[in-house]
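Reader: I have a model open and want to go through its contacts. Can we take it step by step?

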Amino acid sequence: MTTHLHAVPDTAGQHAARWEDAPIPLDSVRDLPAFPVDALPGWLADMVGAVAEFTQTPADLAGSVALAAMSTAIGGRASIRIRRGYSEPANLFLIAALPPGARKSEVFRVMTAPVYAVEQHLIEQAMPKIEAAQLAKRIAEREARDAEEKAASDDPSSVDDATDAALRAQSLSVPPKPKLAVNNITPEKATARLIEQGGRLAVLAPEGGIISIVGGRYSGTPNFDVFLSGHAGEPLDVERQGRDEIRVAAAHLTLGLVVQPIVLKNLAGITDARDKGLLGRFLYSLPRSTLGFRETRAAAPIPDEVATAYDTRVRTLVHHYAGLSKPVPFVFSSDANEAMYELQAEIEPHLRPGAAYGHMTDWAGKYPGAVARLAGNLHAARHLDTAGEHEITAATFAAARRLGEYFLAHALATYDHMGTDATLDDARTILAWIERTRPTCFTRRDILNNHRRHFGTAAAIDPALSVLEDRGHIARVDPPARTGPGRKPSPTYWPHPTYRAPDDRP
C-alpha cells in the first residue's frame with residue numbers, strides 16, 4: 001500500500017511532520033491522458049490533428065469519430081484472427097462525451113462525410129437493379145393473381161399452374177437499398193435493418209438519442225439485445241408478419257456516438273445495462289473541453305492535401321469492404337500474438353476482487369479483445385484494400401495498445417462518473433464528512449455513528465477507507481498489539497492536513 005507520509009502520527013496523537021503529496025482526487029476525470037494521435041497511421045493522424053486545430057476541439061473527439069468511420073468501413077467484412085481458435089470481430093462501440101457548445105456536430109460531420117458519400121454512390125449504383133427487380137416481382141405477382149383467379153373460377157385443372165406462379169413470385173426478391181449508417185433507430189428496426197443489410201450496420205450520431213431509445217423511450221421497456229449481439233458478431237433472426245423467419249449468421253454493429261456527459265449517466269441507468277454487459281462493450285472518451293480556451297483567429301484551416309488524403313482513403317476502405325461477400329481475415333503475426341498473450345497475462349491479476357479493475361470486470365475483462373479490434377482497424381487504415389494480404393504486426397499491435405491504454409484510463413473515469421463503483425461512492429461520502437467536520441483523527445466507529453443508515457456495519461466501511469488511504473486522503477495508524485484479553489483495538493485514521501482545522505495543522 002502506498003504511503004503518503006514522511007512521518008506517521010504516533011499513538012499518542014502526534015501529527016505527521018510532513019505529508020509527501022497532495023491527495024489524489026477521487027474524481028479521476030481531472031487527470032486523463034490525451035488522445036494518442038500519433039498511434040494512428042499518418043494520413044489518419046494528420047486529419048485528426050488538422051480537424052482538432054481548425055475547430056479548436058480536443059483531438060479525442062475527431063480521433064474517436066475517425067475510429068468509428070474505420071469500424072463502419074470494415075465491420076462485418078473483416079475478422080481479427082489472433083490465434084487458432086480465437087478471433088475478434090472488427091466492429092467497435094465508441095462514445096465520446098463533451099458539454100454543449102463544444103462543436104461536436106461540426107467535427108462529426110467532417111469526419112463521417114466520406115462514409116455518407118460512398119453510401120449515396122452505392123445507392124445510385126444499386127437503383128437500376130432495384131427498380132428492375134421490383135418490376136419483375138410486380139409482374140410475377142400479377143401473373144400469380146391471374147392464375148389463382150382462373151383456377152378458382154372455372155378451371156380446376158390449372159391449380160398446378162397457379163401454384164407454380166405463386167411460388168415463382170414469392171421466390172423473386174428485391175435487393176435492399178444500401179445502408180451503411182443510420183442516426184437514431186429503434187432496436188426492432190435495427191434488427192430488421194441489420195438482417196436486410198446482410199448483418200452489418202453503423203449507428204453514427206452527434207448526440208445521444210439512441211441511448212434513450214434503447215432505455216425504453218418509446219416502448220417503456222429497455223431493449224438492447226440487438227446491441228449485445230451486434231457487438232459480439234452473433235446470429236440474429238426476426239419473425240416477419242405472415243412470412244418465414246429470416247436471419248443472418250453473424251450481426252456486426254458499429255456505434256459511434258458523441259454525447260453530452262449526462263447521457264453517460266442515462267446509459268448507466270438503463271435497467272440491466274451493466275449486468276448484461278452493455279456498459280462493458282463501449283470504448284469511452286472523456287475529452288478535456290476547450291471551451292473558454294479556444295483561439296478565435298489563429299485556427300489554421302484543414303490543408304487541402306490532408307482533407308483529400310482522408311477522403312480518398314476512407315472512400316477506398318468503405319467501397320472495398322462493402323463489395324465483399326464474406327469477411328476477410330486479418331491475421332496476427334507470431335510477434336503480435338505473443339504481445340497479445342503478454343497483455344492478457346498483465347490484465348488478468350487486476351480483475352480480482354479488490355484489485356485495480358475488480359470493480360469493472362465487465363469492461364476490463366473485454367479489454368484485450370478491444371485492443372485486438374483496435375489493431376484490426378489500424379491495420380485496415382494502414383493497408384486499405386490490401387489489408388487481408390498482410391499480417392497484423394507487433395508494431396501495429398503496440399499502437400493499438402497505446403489507444404487501449406487511453407480508453408482504459410477513460411473507462412475508469414467514466415465508471416466513476418456513472419457512479420458504478422459503489423466503493424468510490426462510499427469513499428466520497430466519508431471524505432465529505434471529513435471536509436465538513438474536520439476531525440483531528442477518527443475511527444471506523446466514528447464513521448459508523450454518523451452514517452449508520454449508509455453503511456450498516458463497521459466492516460462495510462473498510463473498502464472505502466482503503467481507497468482514501470491509497471489516494472493519500474487519510475493515514476492509518478494501528479494501535480499497539482493487545483497483550484491481554486478483550487477486543488482488538490481499532491486503528492485510528494488521520495486526515496491529510498488540508499482537511500484539518502487551521503489551528504490543528506502540524
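**Helix 5 and beyond**

Author: The buried residues of helix 5 (residues 187-196) are P187, A190, T191, L194 and I195. They lie on the same side of helix 5, because their arc around the axis covers only 130°. Keep in mind that this is a predicted model.

Reader: Which residue forms a salt bridge with E196?

Author: E196 is partly exposed, at 37% relative accessible area. Its partner is partly exposed too, at 28%. The two are 3 residues apart in helix 5, about one helical turn. The side chains meet at 3.1 Å, N to O, and the partner is R193.

Reader: What phi does G198 take?

Author: G198 comes just after helix 5. Its phi is positive, at about 75°.

Reader: How far apart are the closest N and O atoms of R315 and D311?

Author: Both residues sit in helix 9, 4 residues apart, so about one helical turn separates them. R315 is partly exposed at 34%, and D311 is partly exposed at 25%. They form a salt bridge, with the closest N and O atoms at 3.0 Å.

Reader: Is R401 buried or partly exposed?

Author: R401 lies in helix 13 (residues 394-418), 4 residues from E405. These two form a salt bridge at 3.8 Å. E405 is partly exposed at 42%. The cut-off for buried is under 20%. R401 has 17%, so R401 counts as buried.

Reader: Which residues join R401 in one salt-bridge network?

Author: The network arises from salt bridges that share partners. Alongside R401, its members are E346 and E405.

Reader: Which strands stand at the edges of the open sheet?

Author: The sheet has 5 strands in the order 4-5-8-3-9, with parallel pairing. An edge strand has a single partner, so one side of it is left without a neighbour in the sheet. That applies to strand 4 (181-182) and strand 9 (283-285).

Reader: Which residue of strand 8 is the bridge partner of I95?

Author: Strand 3 (residues 93-97) and strand 8 (residues 252-259) run parallel. They are joined by 5 bridges. In strand 8, the partner of I95 is L257.

Reader: What is the angle between the planes of W43 and Y310?

Author: W43 is in helix 1 and Y310 is in helix 9, 267 residues apart. Both are buried. Their rings are 5.9 Å apart, centre to centre, and form a tilted pair. The angle between the planes is 45°.

How values were computed: Residues are numbered from 1 along each chain as its sequence is written. This is a predicted model: local features need pLDDT of at least 70, side-chain atom pairs count only at pLDDT 80 or more; totals for chains, interfaces and linings use all residues. Side-chain values use heavy atoms; hydrogens and water are left out. Rings of Phe, Tyr and Trp (its six-membered ring) pair if their centres lie within 6.5 Å; planes under 30 degrees apart count as stacked, over 60 as edge-to-face and the rest as tilted. Buried means under 20% relative accessible area, exposed over 50%, partly exposed in between (1.4 Å probe, protein chains only). Two strands pair if DSSP finds at least two bridges between them. The arc is that of the directions from the helix axis to the C-beta atoms. A salt bridge is a side-chain nitrogen of Lys or Arg within 4 Å of a carboxyl oxygen of Asp or Glu.
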